[in-house]
Amino acid sequence: RWRPRAAGRQDWASWPHYDAAGNGFPGYWYPVTWGSHIDGTPRAFTICGERLVLLRDGGKVYALHDRCPHRGVPLSEGDQQFPGTISCPYHGWTYRLSDGKLCAVITDGPDSPICGKVTVRTYPVAERLGLVWVYVPIADERPHPIDEQLPEELVGNRFVVGGRIEPRRGNWRFACENGFDEGHAKYLHRTSLWRLFKPMPTWNVTSVIGDGRWIYRVQDEVHWEADFPGVGRWSNQRWWKRRPPKETFNIGNTGKPKKIDPTIAAQEFAGFASLSMPGVLRIVYPKFIHYEFYVPVDQGEHRYVGLMVNFTAGWKALGFYLKYLGGVRWLFHGQFSGQDAWMVEVTDAPPERLYRPDVSLTAWRNLAEREFTAKLEVHGCASS
Ligand code: FES
């Protein structure tokens, strides 16, 4: 359980909304699953603590609260008896997908007086990047356009996507903090096979800067080994090549740039790693961008949506898919990311004792706190 911070024991700022957001922040679009996984069979998901049933009808995906108001049976256990509806399996109460209104009660005849008097909550749905997205509203607000929330470079550019979605144990906030955590990349991942291709330094002098929407980790200094007084030397060089790598690709940093994909080069990324609300990590490589969406399920679980995006199309996409399916999927979305999943699962809730590189964590918490507070103010809700 995420325990409240003890008053006066926190050296940094406090984050009351963030601390309270065990089930995630409402007021955002969340990716739920691949669009190809949703058909006419109702499927159950939990997002931000809300139980949802998703199904596709007439090519469009609908999301409803997954609970029949009659006796509480999940609608995801039901099926479609009439086009544009979903029927509960217990007594045949049948709801319109478009607005959740009870429109027929199979076991009470065509003139059932309860029709039109019961409604199941519906949720806005969109499809982007091959994924189904659901908007979890604050009260009864209307959703903002999803394109305003997607990473800017994923709107209006052509690209192909490889990815992995899986339920993972651990609160979504631990996943966000792990993804952007400065220190773990150097130490936890030292044994990952991905490092055969992507060397990582021993330590950095790091700063975190923001552009209002994203925060970026910027490596001001990069050290490939360090002498620890009285202890010895520690190096994080590639074990198969015992010298610092020549390439020092870091968007926004000094260093000799590698050849960069023109769409990526056209963006204004201030750093290699960036994070934005409601929990989207972006890691920029010269030829592709890796995204991780940490989708809140409940206090103890989140959905990991990892995407590798290559800004190409047509036959050129074939090379990307071969590379993705031939290695990246297993190395990065599997073994490397599995190390993260392990830590997210075993990290304990505050209290905590932070150290210098944790400026990345506190910057993220500050961003979340600031953005959600502003969102509440827009909706006229109390901010504390
Ligand atoms: Fe759903 Fe009775 S519980 S129809």
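# Chat about a predicted model

Me: Which residues does Phe25 touch, leaving out those up to four places away in sequence?

Reply: In this predicted model, Phe25 touches His17, Tyr18, Tyr30, Cys48, Trp172, Met277, Ala368 and Phe372, when residues up to four places away in sequence are not counted.

Me: And what about the largest nonpolar core, which residues there touch the most other members?

Reply: Phe25 is one of them, together with Leu54, Leu307 and Trp364, in a core that holds 83 residues. The element that gives the most to this core is α6, with 8 residues.

Me: Where does this core lie with respect to domain 1 and domain 2?

Reply: The core lies between them, because domain 1 (35-136) and domain 2 (157-378) both give residues to it. Apart from this core lies another one, of 16 residues, which include Leu64, Val105, Val118 and Val120. As background, nonpolar side chains in soluble globular proteins tend to be buried together.

Me: Back to the contacts of Phe25. Where is Cys48, and what is its phi?

Reply: Cys48 is in the loop between β2 (43-47) and β3 (50-57), and its phi is near 50 degrees, a positive value in a residue other than glycine. Most residues other than glycine have a negative phi.

Me: Buried or exposed, that Cys48?

Reply: Cys48 counts as buried, because its relative accessibility is 9% and the cut-off for buried is under 20%.

Me: Which loop holds Leu129, and what is the phi there?

Reply: Leu129 lies in the loop between β9 (125-128) and β10 (131-136), with a phi near 55 degrees, which is again a positive value in a residue other than glycine. Leu129 counts as buried too, at 14% relative accessibility.

Me: Staying with β10 for a moment, what does Tyr135 touch?

Reply: Tyr135, which is found in strand β10, touches Gly27, Tyr28, Trp29, Tyr123, Pro124, Glu141, Arg142, Pro143 and His144, with residues up to four places away in sequence left out. At 0% relative accessibility, Tyr135 counts as buried. Ala63 is 72 residues from Tyr135 in sequence, and the two are 9.5 Å apart in space, C-alpha to C-alpha.

Me: Switching to peptide bonds, what joins Met277 and Pro278?

Reply: A cis peptide bond joins Met277 and Pro278, with omega at about 5 degrees, and Pro278 sits in the loop between β16 (273-276) and β17 (280-284). Met277 also appears among the residues that Phe25 touches.

Me: What about the bond from Pro350 to Pro351, and where is Pro351?

Reply: The bond from Pro350 to Pro351 is cis as well, with omega near 20 degrees, and Pro351 is found in the loop between α6 (316-346) and α7 (359-378). Most peptide bonds are trans.

Me: New topic: how much space lies in the second largest pocket, and what lines it?

Reply: About 410 Å³ of space lies in the second largest pocket. It is lined by 19 residues, and those closest to its centre are Glu177, Asp181, Thr347, Asp358 and Leu361. By class, the lining has 9 nonpolar, 3 polar and 7 charged residues.

Me: Which element gives the largest share of that lining?

Reply: The largest share of the lining comes from α3, with 3 residues, while α3, α6 and α7 each supply at least two.

Me: How many residues of α3 are buried?

Reply: Helix α3 (residues 172-180) is mostly covered, with 9 of its 9 residues buried. Among these buried residues are Trp172 and Glu177; Trp172 is touched by Phe25, and Glu177 is one of the residues closest to the centre of the second largest pocket.

Me: And Lys198, where is that found?

Reply: Lys198 is found in the loop between α4 (182-187) and β12 (203-210), and Lys198 is partly exposed, with a relative accessible area of 22%. Its C-alpha atom is separated by 10.0 Å from that of Tyr285, although the two are 87 residues apart along the chain.

Me: Last one, what does the protein look like overall in secondary structure and burial?

Reply: The secondary structure comes to 7 helices and 19 strands, and 51% of the 384 residues count as buried. Among contacts between residues at least 6 apart in sequence, 61% join residues at least 24 apart.

Note on methods. Residues numbered from 1 in each chain as written. Predicted model: local features only at pLDDT ≥ 70, side-chain atom pairs only at ≥ 80, totals over all residues. Heavy atoms only, no water. Helix = DSSP H or I, 4+ residues; strand = E, 2+ residues; numbered from the N terminus. Buried < 20%, exposed > 50% of the residue type's maximum accessible area, 1.4 Å probe, protein only. 1 Å grid on protein atoms, 1.4 Å probe; cavity = no way out; pocket = protein on both sides within 12 Å on 5 of 7 lines; lining within 4 Å. Points joined across faces, edges and corners; volume = space filled by probe spheres on them. Nonpolar A, V, L, I, M, F, W, Y, C, P; charged D, E, K, R; others polar. Core = buried A, V, L, I, M, F, W, Y, C linked by side-chain atoms within 4.5 Å. Domains from an automatic or database assignment. Contact = heavy atoms within 4.5 Å.
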